[in-house]
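Colleague: I'm new to this one. Could you walk me through it?

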Amino acid sequence: MVLPPLDRPAVPPTLRRVAMISVHTSPLDQPGTGDGGGLNVYVREVATRLARRGVDVDVFTRRVDPHAPAEIDLVADGTATATVHHLDAGPARPLDKDELAEQLCAFVLALQSHPSAGSHDLVHAHYWLSGWVGKRIARRWDVPLVQTFHTLGVLKNATLAPGDDPEPALRLVAEERIATAADRVLVLTCGEARLLHRTYGLSGTRITVVPAGVDLERFGPAGGSRRPGPPRLLFVGRLQPLKGPDVAVRTLAEVRRTVGDATLRIVGGSSGASGTATTPEGLRALAEQLGVADAVTIEPAVDQDTLAERYRDADVVLVPSRSETFGLVALEAQACATPVVAADVPGLEAVVGDGGTLVPGHDPRDHARAVAGYLTDPVAAATAGTAGVDTARSASWDRTVDRLLAAYAEMVPAPSETVAV
């Protein structure tokens, strides 16, 4: 479906160049593996669309490959450019996020010595590690600091998954200081705004809701009917306790009590170092234990076009996360007209409309009942599919950038008026 035309907000005349900081992961990284996820997609999508509207965007990330070029253009054929810059800060290899904190001073120095340093009208930091850098850089450049956390340590610790490690005190302290120092904090949902207000006392005037979006040209309904075969469940995401791939396997086992030929495809890569229960090997062992090993397929993270095919090929998408700031997978699945069964947590509650079912808690039996409702009732599945597409239509990336530009406009100074003498 095509979105109705919108009146696009004008780019503020004093907003010519934005510095985006993404220390721990690059928009060039594959979502769904390592530290790659919704943040990568968000930064890439908004950077490219800002450039196409005439704003130059420099994305600064840490070099993890010694052979990577110093810069790579995301957009170079529009009225402006969006470029990813690899800065040398610590060893040129992937590091755990806990280790990255030791490299933040080096990152600040590398950014301060970059040829473009001081030429930006605004700094937009993504995640708390980037916010630590952005707080110092924005002060040195005397420009506003805009912060998007994407995830908050206080939320993760409050909803800690079995086998997962709590976030360190350093992160919790840093997030509070960044939140109170930023000129504006952009949040993905109203629930995140309430959490920031309740936890750090931020006023509503310093918080702006800018939801993530979905690429409606890539993620859309299938042209014809779904291919024949057994019912197919799909889990997409990083294989870590927070995302609940173990719940997905247990849900399949419960579903097969009533829909005996149901299958599950898991798409994603290992992330973090919290135990082994949600590694590919751990999930295969769990499937074997539950007697569903022959019905579970695990494959690495895939590119966005292939991911859209995976959504369209599924009968139900499972999103049993213990917590989510914003359920991008659920939104993409709904855009493809595939019903979603998701955990009833704030970040998913804001995304899943009539295109799916929100399940309180993480009991696989409860999730299985919701799944079976779609697998055994084609009318319910079709109704949810149509509603999901309608939900996604109001959440394009262009609308995200509309809100982003409106927030930026409040941060950059207006042009000085000429005074007649």
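Modeller: Sure, here is a tour by sheets, helices, cores and loops.

Colleague: Anything I should know before we start?

Modeller: This is a predicted model, so to speak of local features we need pLDDT of at least 70, side-chain atom pairs count only at pLDDT 80 or more, and totals for chains, interfaces and linings use all residues. Residues are numbered from 1 along each chain as its sequence is written, and side-chain values use heavy atoms, with hydrogens and water left out.

Colleague: Okay, sheets. What is the order of the strands in the open sheet of 8 strands?

Modeller: The order is 3-4-2-1-5-6-7-8, and the pairing is mixed. Strands here are DSSP runs of E with at least two residues, helices are runs of H or I with at least four, and both are numbered from the N terminus. Two strands count as paired if DSSP finds at least two bridges between them.

Colleague: And which strands stand at the edges there?

Modeller: Strand 3 (71-75) and strand 8 (207-209). Each has a single partner strand, so one side of each is left without a neighbour in the sheet. From one strand to the next, the twist averages 25°.

Colleague: Can you show me one pairing in it?

Modeller: Take strand 2 (residues 56-62) and strand 4 (residues 82-87), which pair in the parallel sense over 6 bridges. Valine 59 has valine 84 in strand 4 as its bridge partner.

Colleague: What about the sheet of 6 strands: what is its order?

Modeller: That open sheet runs 11-10-9-12-13-14, with parallel pairing. Strand 11 (296-299) and strand 14 are at the edges with a single partner strand each, so one side of each has no neighbour in the sheet. Neighbouring strands are turned by 20° against each other on average, direction ignored.

Colleague: How many bridges are there between strand 9 and strand 10?

Modeller: There are 5, joining strand 9 (residues 232-236) and strand 10 (residues 263-267) in the parallel sense. Leucine 234 stands opposite arginine 265 in strand 10.

Colleague: Now strand 13. Are its two faces covered or open?

Modeller: Both faces of strand 13 (residues 340-343) are covered: Val340 and Ala342 are buried on one side, Val341 and Ala343 on the other. Buried means under 20% relative accessible area, with over 50% called exposed and anything in between partly exposed (1.4 Å probe, protein chains only). In a regular strand the side chains alternate between the two faces of the sheet.

Colleague: Which strands pair with strand 13?

Modeller: Strand 12 (residues 316-319) runs parallel to strand 13 and is joined to it by 3 bridges, while strand 14 (residues 356-359) pairs with strand 13 in the parallel sense over 4 bridges. Valine 341 faces both ways in the pairing list: leucine 318 stands opposite valine 341, and valine 341 stands opposite threonine 357 in strand 14.

Colleague: Switching to helices. How do helix 10 and helix 11 cross?

Modeller: The axes of helix 10 (residues 304-313) and helix 11 come within 9 Å and cross at roughly 65°. Axes are lines fitted to C-alpha atoms, for helices over the stretch in contact, and angles run from 0 to 180 degrees between N-to-C directions. The two helices are therefore roughly perpendicular to each other, since angles of 65 to 115 degrees count that way, under 35 as roughly parallel, over 145 as roughly antiparallel and the rest as oblique.

Colleague: And helix 8 with helix 9: what is the angle?

Modeller: Helix 8 (residues 245-255) and helix 9 (residues 280-289) pack at about 20°, with their axes 10 Å apart. Helix 8 and helix 9 are therefore roughly parallel to each other.

Colleague: Which residues touch the most other members in the largest nonpolar core?

Modeller: Met20 and Tyr311, in a core of 98 residues. A nonpolar core is a set of buried Ala, Val, Leu, Ile, Met, Phe, Trp, Tyr and Cys residues joined through side-chain atoms within 4.5 Å. Helix 1 (residues 38-52) gives the largest share, 8 residues. Apart from this core lies another of 29 residues, including Phe235 and Ile298.

Colleague: Last topic: where is tyrosine 127?

Modeller: Tyrosine 127 is in the loop between strand 5 (122-126) and helix 4 (128-141). Its phi is near 85°, a positive value in a residue other than glycine, and tyrosine 127 is buried at 4% relative accessible area. Most residues other than glycine have a negative phi.
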